[in-house]
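Here are some short exercises to help you find your way around. Keep the sequence and the 3D view open, and try each task before you read its solution.

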Amino acid sequence: MDELNSGDLSQLQHRHLLGLASYSADEIRLILDTAKEFRDVLERPIKRVPTLRGITVCNLFFEPSTRTRLSFELAEKRLSADIVNFSEKGSSVSKGETLKDTALNIEAMKVDMVVVRHSSPGVPHFLTRCTKAQIINAGDGGHAHPTQALLDLYTLRECFPSVRGLKVSIIGDIAHSRVARSNILGLRKLGAEVTICAPRTLMPYNAASLGVRVTHHLDEALQDCDVAMALRLQLERQQASLIPSVREYHTRYGIKAEHLRRFPSFLVMHPGPINRGVELESEVVDHERSIILHQVTNGIAVRMAVLYLLTASADRVMRARP
Amino acid sequence: MQASDVVKARLMDAQDLERTLQRMARQIVELMDPDDPAGEHFALIGMQTRGVHIARRLKRMIRAVDDIDLPLGVLDATMYRDDFRQRLKQPVVRATRIMFDVTERNLVLVDDVLYTGRTVRAALDALMDMGRPASIRFLAVVDRGLRELPIRADIVGRTVPTISGEEIRVRLHETDSHEGVYLVERRTNSTRN
């Protein structure tokens with residue numbers, strides 16, 4: 001009963017998931033293929049498999065999160081892992097503990113995996129140096145949000161025959177968006193054609209070097225694109241008037257029902273949480289061409305696949321060491 | 001067959017395999033409930049990957065001889081294995097496609113080789129999570145002994161006592177270049193399955 005396709009990649013070459021930059025297209029495909037089987041588990045009467053029995057996962061969230069956190073927690077529960085949750089509020093971090101000490105204490109508690117979200121880029125990398133636990137990046141500042149990009153890719157594969165050649169437009173605050181950065185990496189690795197669209201103030205300074213088409217006009221972005229990914233305008237951290245007003249942003253960059261009529265084929269995605277009436281008109285959110293809630297369901301399956309593949313790859317990497 | 005495997009014996013050729021499968025197809029029909037002649041409460045479950053092909057052949061044989069079209073499901077029990085972290089090579093999670101309700105059904109689980117019994121244990125757990133089958137029977141083309149769990153096959157193609165270090169390779173033309181059952185000496189360092 002040896003493997004049928006022994007030539008195919010059957011495991012990840014990494015111990016951690018910090019970002020998609022170092023992941024090969026084959027590794028990304030392995031995660032998406034594996035997620036497909038975990039997706040079916042979510043449709044069963046008993047939505048639980050014993051795969052990660054005995055593994056302890058710590059969800060370390062230094063930044064508020066509803067969707068990602070719930071999604072990771074459900075993924076861990078569906079795989080029968082033991083879970084401990086940590087949030088900044090009410091923890092010793094609010095008493096002045098440093099990140100390193102928090103990490104060392106978690107390490108001392110014999111946690112196998114840490115899912116971390118932090119407002120500073122690089123925190124997941126830093127944690128890999130202070131603990132033996134495996135690290136999954138659930139969003140670090142403006143740097144990366146790899147599982148969001150993976151679940152977006154999964155959703156695209158569900159809706160289209162292939163990601164290769166697909167025209168995807170990412171619209172919104174590209175400069176501050178880890179979702180955009182991870183998606184650009186993932187989409188390009190799988191061969192999609194990416195367009196980014198934002199006002200000049202919300203466009204990253206290195207936009208030209210990202211290997212994507214750049215535009216400042218929403219109509220250009222929506223013209224013959226297959227998918228429009230709207231990004232959340234981060235109202236809570238809207239830096240020093242980068243846009244004149246939310247209303248003007250909506251007028252120029254919000255996707256409206258009128259666009260759905262004028263460009264009759266593209267689908268709408270959004271990483272959540274949505275500001276209704278800002279980046280998307282309310283009617284667009286609820287439209288049948290919006291696949292936003294598919295993204296949420298798929299998120300659980302993709303995170304299950306990441307947890308499964310990383311756990312198994314870790315033990316091999318550890319054993320291979322003398 | 002892996003390049004480093006040494007074939008010690010050919011246990012069955014294509015014709016032997018065909019005869020054995022025909023006989024096992026008759027045994028499956030014998031197991032069926034007389035009150036359910038059409039097999040509406042009966043199903044075959046093929047285990048990934050070669051068990052699926054064997055189950056498909058059994059289904060075809062039963063349809064040809066008895067004119068009964070049994071439902072066929074595909075099961076991958078990787079998520080239920082107890083050893084995926086111990087193995088050198090990570091098992092790939094393959095498709096599970098069971099398009100009928102297993103509850104109240106009499107199931108025949110089909111695999112190519114019965115060895116430690118751990119894969120069967122995982123498969124039983126997986127099936128139990130999908131519902132409450134009326135019964136589960138197990139069919140294996142080859143029982144090679146060396147069980148680690150109290151599990152047996154209800155229908156066996158051939159019993160071949162082996163020692164550890166040996167492997168049974170069932171080759172089918174659906175998945176391989178040739179067809180037959182072989183006893184080989186394992187020279188690779190892959191862990192047993």
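**Exercise 1.** How many aromatic pairs are there over all chains?

*Solution.* Start with the rule: rings of Phe, Tyr and Trp (its six-membered ring) pair if their centres lie within 6.5 Å, and planes under 30 degrees apart count as stacked, over 60 as edge-to-face and the rest as tilted. By this rule, the count over all chains is three aromatic pairs. Next, look at Tyr249(A) and Tyr253(A): their ring centres are 5.7 Å apart and the planes stand at 25°, so this pair is stacked. Then find them in the chain: both belong to helix 8 (residues 246-253) of chain A, four residues apart, about one turn of the helix. Here helices (H or I, at least four residues) and strands (E, at least two) are DSSP runs, numbered from the N terminus.

This is a predicted model, in which local features need pLDDT of at least 70 and side-chain atom pairs count only at pLDDT 80 or more, while totals for chains, interfaces and linings use all residues. Residues are numbered from 1 along each chain as its sequence is written, chains are lettered from A and ligands numbered from 1 in the order in which they are written, and side-chain values use heavy atoms, with hydrogens and water left out.

**Exercise 2.** Is Tyr249(A) buried or exposed?

*Solution.* Buried means under 20% relative accessible area, exposed over 50%, partly exposed in between (1.4 Å probe, protein chains only). Tyr249(A) has 2%, so it is buried. Its partner Tyr253(A), at 6%, is buried too.

**Exercise 3.** How many disulfides does a search of the whole structure find?

*Solution.* A disulfide is a pair of cysteine sulfur atoms within 2.5 Å. The search finds zero over all chains. Take Cys130(A): the nearest cysteine sulfur belongs to Cys58(A), 13 Å away. Cys130(A) is buried, with a relative accessible area of 12%. For Cys197(A), the closest cysteine sulfur is in Cys225(A) at 10 Å, too far for a bond. Cys197(A) is buried as well, at 0%.

**Exercise 4.** Which strands of the open sheet in chain A stand at the edges?

*Solution.* Two strands pair if DSSP finds at least two bridges between them. The four strands run in the order 2-1-3-4, with parallel pairing. Strand 2 (82-87) and strand 4 (134-140) of chain A are therefore the edges, each with a single partner strand. Strand 1 (residues 56-61) and strand 3 (residues 113-118) of chain A pair over five bridges, and Asn59(A) stands opposite Val115(A) in strand 3.
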